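User: Please take a close look at one part of this model, the largest pocket, and at the nonpolar core as well. I would like a connected account that I can follow with the structure open.

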Amino acid sequence: AAGAFAFSACEDQLDIEQKGVIAVDSFYQTDEDCEKALATAYEYFLIQTFGRTTFGPGIYTPAKVMANHAGDDVNYAGGNYGDHEFGGTVDEFRFKHTPEAIDCLYKGLYSSIYYCNLVLNYFDGKEGATAFMKQAVAEARVLRAFDYFLLACYWGQPPFVSELLSADALPANNEMSQQEYFKWVASECQAAAPNLTTRNGKTDKAGALRVTTGFASALEGKALMF
């Protein structure tokens, strides 16, 4: 009985609030929170879209392989034949049902979309939203539109994910045609433009660090051209 009493008396001491984390309910509130969420969206956009993706081997860039290697006028390089198979299988069109570069780009683009959706989910239409929050939402919309532009280019009618999904969600290919996807990309850029910043000429390096009206217009034009 004494032992049972001793253990029961310690239970409240074992229920310790986790340190070093912020509960979701208390985050996504301020401009500072918004800036952190947007910075993460940029990070994953750069890594997963054009950088060394976190999926698969970290030294190759799937977007470069997909855009440039799949052609007869390209010979992928390596120390010997069989080196750099990540790109070689795409270059020589001899990949199997799970080509690594293609698989990594597909997963990477949806990872980027997820972090954009976090910004949009918590700050788009937020009551009392500040000017910076509106700008962040606009930038995230254009980043996400770019992801979908690439997805539509390569996969035609990929799943359309515009909200945060549950862990067991299984979104299917979308009914939108590839052309409708491109029109959607253009409309997102148009809608975001009023809340974006504008770069002050070619020498404005600081202004080029984020999505601007110029970037959005270029993507809009490219989508409509396609």
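**The largest pocket and the nonpolar core**

Analyst: In this predicted model, H2 is the element that gives the most to the lining of the largest pocket, with 3 residues. Helix H2 spans 31–50, and helix H8, which spans 213–225, is the other element that gives two or more residues to this lining. The space in the pocket comes to about 190 Å³. Its lining consists of Tyr42, Phe45, Leu46, Leu143, Arg199, Ala208, Leu209, Arg210, Val211, Thr212, Gly214 and Phe215. By type, these residues are 8 nonpolar, 2 polar and 2 charged.

Now to the core. The largest nonpolar core has 49 residues, and the members that touch the most others are Val142, Tyr148, Val185 and Leu219. Two or more residues come from each of H2, helix H3 (62–69), helix H5 (100–123), helix H6 (131–155), helix H7 (178–192) and H8. H6 supplies the largest share, 14 residues.

Val142 is a useful residue to select on screen. Leaving aside residues up to four places away in sequence, Val142 touches Cys189, Ala192, Leu196, Val211, Phe215, Ala216 and Leu219. Two of these contacts, Val211 and Phe215, also appear in the lining of the largest pocket. Another contact, Leu219, is itself among the core members that touch the most others.

There is also a second, separate core of 6 residues, and Tyr60, Val65, Phe86 and Ala101 are among them.

Technical notes: Residues are numbered from 1 along each chain as its sequence is written. This is a predicted model: local features need pLDDT of at least 70, side-chain atom pairs count only at pLDDT 80 or more; totals for chains, interfaces and linings use all residues. Side-chain values use heavy atoms; hydrogens and water are left out. On a 1 Å grid over the protein atoms alone, a cavity is a set of points where a 1.4 Å probe fits but cannot get out, and a pocket is an open set with protein on both sides within 12 Å along at least five of seven lines; lining residues have an atom within 4 Å of a point. Grid points are joined across faces, edges and corners, and a volume is the space filled by probe spheres set on the points. Helices (H or I, at least four residues) and strands (E, at least two) are DSSP runs, numbered from the N terminus. Ala, Val, Leu, Ile, Met, Phe, Trp, Tyr, Cys and Pro count as nonpolar, Asp, Glu, Lys and Arg as charged, and the others, Gly among them, as polar. A nonpolar core is a set of buried Ala, Val, Leu, Ile, Met, Phe, Trp, Tyr and Cys residues joined through side-chain atoms within 4.5 Å. Buried means under 20% relative accessible area, exposed over 50%, partly exposed in between (1.4 Å probe, protein chains only). Contact means heavy atoms within 4.5 Å.
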